[in-house]
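Welcome to this tour! Open your viewer, keep the selection box handy, and follow along stop by stop.

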Amino acid sequence: MNVLDEVMTVSEAARRWDKDVRTIRQACTYYKGNPPRFASDEVRQSGRTWLITLEGMERVYGVPTAKTKSVNVLDGVMTVAEAAERWGKASITVRQACTGYKKAPPRFREDEARRSGTTWLITVAGMIRVFGSEKAK
């Protein structure tokens, strides 16, 4: 299974589980004194976007399909904003590598980047293949 299929944004999770976006976002963090419903290895923030594992959604909200099993895939996936920051690139450069531009095709393969709502999710392996090693911190 592709790592990108095991991670989703809050908006995609809300659509797939037929829940309100606010309900899922509140389950990611402390809200009104209540602890998060997701474990720390099931959810993380990438820039301003929350990423949630399929396994975490299934644990908290039940199984919408027969898909299961996941290791901590969140470490291998990021948004365009996080990728741009980690590699020292402009966000538009990374986004255009996802979408292509003018007559140039996308630089990422299908198993390296996909769109989740309005957010692009990119694998670390894809970033390394397209842009080389991550910049030194």
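Start with the whole protein in cartoon view: its secondary structure comes to six helices and six strands. Helices (H or I, at least four residues) and strands (E, at least two) are DSSP runs, numbered from the N terminus. Trace the chain from that end and you will pass the elements in the order β-α-α-β-β-α-β-α-α-β-β-α.

Before you zoom in, a word on what is on screen. This is a predicted model, in which local features need pLDDT of at least 70 and side-chain atom pairs count only at pLDDT 80 or more, while totals for chains, interfaces and linings use all residues. Residues are numbered from 1 along each chain as its sequence is written, and side-chain values use heavy atoms, with hydrogens and water left out.

**Stop 1: the overall shape**

Turn the protein around. Along the principal axes, its C-alpha atoms fill a box of roughly 45 × 35 × 25 Å. The radius of gyration is 15 Å, which agrees with the value near 14 Å for a compact globule of 137 residues. That radius is taken over C-alpha atoms, and the globule rule is 2.2 Å times the number of residues to the power 0.38.

How much of the protein is buried? Buried residues make up 43% of the 137 residues. Here buried means under 20% relative accessible area, exposed means over 50%, and partly exposed is in between (1.4 Å probe, protein chains only).

**Stop 2: colour by confidence**

Now colour by pLDDT, the predictor's confidence in each residue, from 0 to 100. The mean for the protein is 88, and 93% of its residues reach 70 or more. Select residues 65-71, where the pLDDT is below 50; beyond near neighbours in sequence, this stretch has 10 contacts in the model. A contact means heavy atoms within 4.5 Å. Where pLDDT is low, the predicted coordinates should not be read in detail.

**Stop 3: helix H1**

Select residues 10-17, which form helix H1. Which residues of H1 are buried? They are Val10, Glu12, Ala13, Ala14 and Trp17. Show the elements that cover them, including strand S1 (7-9), helix H2 (21-28), strand S3 (49-53), helix H3 (54-61) and strand S5 (113-116).

**Stop 4: two positive phi angles**

Step on to Asp18, which follows H1 and lies in the loop between H1 and H2. Its phi is near 55 degrees, a positive value in a residue other than glycine. Most residues other than glycine have a negative phi. Asp18 is exposed, with a relative accessible area of 70%.

Jump next to Lys102, in the loop between H5 and S5. Phi of Lys102 is also positive, near 45 degrees. Is Lys102 buried or exposed? At 85% relative accessibility, Lys102 counts as exposed.

**Stop 5: Thr119**

Select Thr119 in strand S6 (residues 119-123). Thr119 counts as buried because its relative accessibility is 18%. Show its partners as sticks: not counting residues up to four places away in sequence, Thr119 touches Thr9, Thr49, Thr79 and Arg114.

**Stop 6: Val3**

Finish in the segment before S1, where you will find Val3. With 25% relative accessibility, Val3 counts as partly exposed. Leaving aside neighbours within four places in sequence, Val3 is in contact with Val73, Val77 and Thr123. For a last step, draw a distance line from Val3 to Lys135: they are 132 residues apart in sequence and 23 Å apart in space, C-alpha to C-alpha.
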